[in-house]
Amino acid sequence: EGDAVDGTIIKNCRIVTPLDEPSQTDGIYAQDAANTTIDNSLIWARNLSMVNNHSDGLQAYKTRGWRITNSVFVCDSNAQGMAMILGAGSETATSDSVILYNNIIINRGIWWAGNPPDVATFNTRWYSGISGASEMPPTIVIHNTILSYGPDAEGIRIYYPIDIFANNILA
């Protein structure tokens, strides 16, 4: 119950996952975290394992309060993951904002034959029942570049509304 971690700052970091691991290898995984800042960092999910079910650049589950700026998130070809899954909530629907500013977010798709998993480059997810954060968070996404290419790769998957989505490049 509650926030397990509060006020984490990831700044000027390079986080690169290993190759060919048979398990989930997220660059960053956050759960029950609040007020997290990522700035001027590279997060690169590159695990190419065919049995891996989730290798995401960032996977956030039941979190609140994000500031992500000036960073690069990459999910490599065939990594079976998404560059960013941002699962967040808000205490009052006016606090615990999610701000993404001036980032590059890339998903290179899954290129094998058959039925590859469906992936998106940038996801907003809202989880009801977050302790102290049961409302949808105010979300601002400005000046980002979101690139998706390859089979079954979509650009943005929105599960809760983005309040301001301005001056972004989607390709």
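In this predicted model, Leu42 finds its bridge partner in β8, and that partner is Val72. The two residues belong to a longer match-up: β6, covering residues 42-45, and β8, covering residues 72-75, run parallel and are held in register by four bridges. As for what holds such neighbours together, strands of a sheet pair through backbone hydrogen bonds, in either a parallel or an antiparallel way.

Zooming out, β6 and β8 sit next to each other in an open sheet of six strands. Reading across, the order goes β3-β6-β8-β11-β14-β17, and the pairing is parallel. At the edges are β3 (14-16) and β17 (169-170), each of which has a pairing partner on one side only.

Next comes β9, which spans residues 84-88. One of its partners is β7 (residues 58-69), and these two pair in the parallel sense through four bridges. Here Leu58 is matched with Met84 of β9. Another partner is β12 (residues 119-125), again parallel to β9 and again joined to it by four bridges. In this pairing, Gly87 stands opposite Arg125 of β12.

How much of β9 is tucked away? The strand is mostly covered, with five of its five residues buried. In a regular strand, side chains alternate between the two faces of the sheet. For β9, one side carries Met84, Leu86 and Ala88, while the other has Ile85 and Gly87, and both faces are covered, with all of these residues buried. Met84, the bridge partner of Leu58, and Gly87, which faces Arg125 across the pairing with β12, are thus both among the buried residues of β9.

Terms used. Residues numbered from 1 in each chain as written. Predicted model: local features only at pLDDT ≥ 70, side-chain atom pairs only at ≥ 80, totals over all residues. Heavy atoms only, no water. Pairing = 2+ DSSP bridges. Buried < 20%, exposed > 50% of the residue type's maximum accessible area, 1.4 Å probe, protein only.
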